[in-house]
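Subject: Structure handover: salt bridges and the largest pocket

Hello,

Here is the structure for you to work with. Please open it before reading on.

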Amino acid sequence: MTTRPVEPSPADASAPAEAPLPAAPAVPAAPFAEAAPPLHRPRRPRPVLLLVSGLVLGTVIGGAVGFAVQANRPPTPLPPIQVALPSYPAEAVDPVAVAEAAPKPPAVDGDLRKLLMTVPTGGTAWADYPDTPTWITVGELAERSGRSAEAFRRLNSTDFRRAVEVNWKKDDLKVRVALIQYAADRAAEAKTRASGYRLKPFADDANGGVQVDSEPLYWAETTEQYYLGTALAQRGTLVMQVEVFGTRPVNPDVVKDIAKQQWERLV
């Protein structure tokens, strides 16, 4: 029996035969990335920690050793306290006799107006201030100061007793002379008041002096200027105060002359 070869169909005859796809080139497999080895930092010594540990350990050990040594020692007795005992006189003290024996400031009693100098020839009244020796109150005395409230408190807190004053005006000068007295035990206060300035002596036996200002001042609540010369002195509980006001710098000799006249009436 004879077999025929199979002929391709028309459709198969018209279609070209598909060429076989080329084989993809072989890609070599990438090697596996090796894992990074762990970092191992070298251990370093810690000097600060070692130093602190050594100090703490040394303190503890030293304290323990010192306590053990001291605990085994016998106690050392302290020396007796040396205190001087108060001593008393054999006889009772008479306080009156002691007070009388103590030094006293010169007594200035009586009418202080009689100790004030009189207005010199040619002097006239100055405003409404007294031109004859007159008693003045603590309020009037404080009012003479630029800080009247402060002066009032100070006078009352230092046992102010009494005061007198006389005023006059002559030529272009205005003068005020005052005597201020404190209580019997306030001689120190009088001395302080009489030495509170940079004073230059006006008499050998006077406990005080004279000061003349070179800069002008102002009358209270006005723009009017004046220059001031001051003299102060102390005798016992009494303070002598001389104030000279001028329209120009006051001559120190004028202030010294008035201060000498008033001081002579006190001694």
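Below are my notes on the salt bridges and then on the largest pocket.

Please keep in mind that this is a predicted model.

**Salt bridges**

The count comes to five salt bridges. Three of them are described here, starting with Asp109 and Arg161.

Asp109 pairs with Arg161, and their closest N and O atoms are 3.7 Å apart. The two residues sit in distant parts of the chain, 52 residues apart. Asp109 is in the loop between helix H3 (95-101) and strand E1 (134-135). Arg161 belongs to strand E2 (residues 160-170).

How accessible is Asp109? Its relative accessible area is 55%. That is over 50%, so Asp109 counts as exposed. Arg161 has 44% relative accessibility. That value falls between 20% and 50%, so Arg161 is partly exposed.

Next come Glu165 and Arg176. Their side chains form a salt bridge at 3.8 Å, N to O. Glu165 lies in strand E2 and Arg176 in strand E3 (residues 173-182), so this salt bridge ties together parts that are 11 residues apart in sequence. Are these two residues buried or exposed? Both Glu165 and Arg176 are buried.

Arg176 has another partner, Glu243, with the closest N and O atoms 3.7 Å apart. Glu243 lies in strand E7 (residues 238-246) and Arg176 in strand E3, so the pair ties together parts that are 67 residues apart in sequence. Glu243 is buried too, as is Arg176.

Taken together, Glu165, Arg176 and Glu243 are linked in a network of salt bridges.

**Largest pocket**

How much space lies in the largest pocket? About 1300 Å³. The lining has 39 residues. Which of them are closest to the centre? They are Glu143, Arg144, Ser145, Gly146 and Arg176. Note Arg176 in that list: this residue also belongs to the salt-bridge network with Glu165 and Glu243.

Several elements give two or more residues to the lining. The helices are H4 (138-143) and H5 (148-157). The strands are E1, E3, E5 (217-218), E6 (225-235) and E7. Two of these strands appeared above: E3 holds Arg176 and E7 holds Glu243.

By residue class, the lining divides into 19 nonpolar, seven polar and 13 charged residues.

If you want a starting point, select Arg176. It pairs with Glu165, it pairs with Glu243, and it is among the residues closest to the centre of the largest pocket.

Best wishes

Conventions. Residues numbered from 1 in each chain as written. Predicted model: local features only at pLDDT ≥ 70, side-chain atom pairs only at ≥ 80, totals over all residues. Heavy atoms only, no water. Salt bridge = Lys/Arg side-chain N within 4 Å of Asp/Glu carboxyl O. Helix = DSSP H or I, 4+ residues; strand = E, 2+ residues; numbered from the N terminus. Buried < 20%, exposed > 50% of the residue type's maximum accessible area, 1.4 Å probe, protein only. 1 Å grid on protein atoms, 1.4 Å probe; cavity = no way out; pocket = protein on both sides within 12 Å on 5 of 7 lines; lining within 4 Å. Points joined across faces, edges and corners; volume = space filled by probe spheres on them. Nonpolar A, V, L, I, M, F, W, Y, C, P; charged D, E, K, R; others polar.
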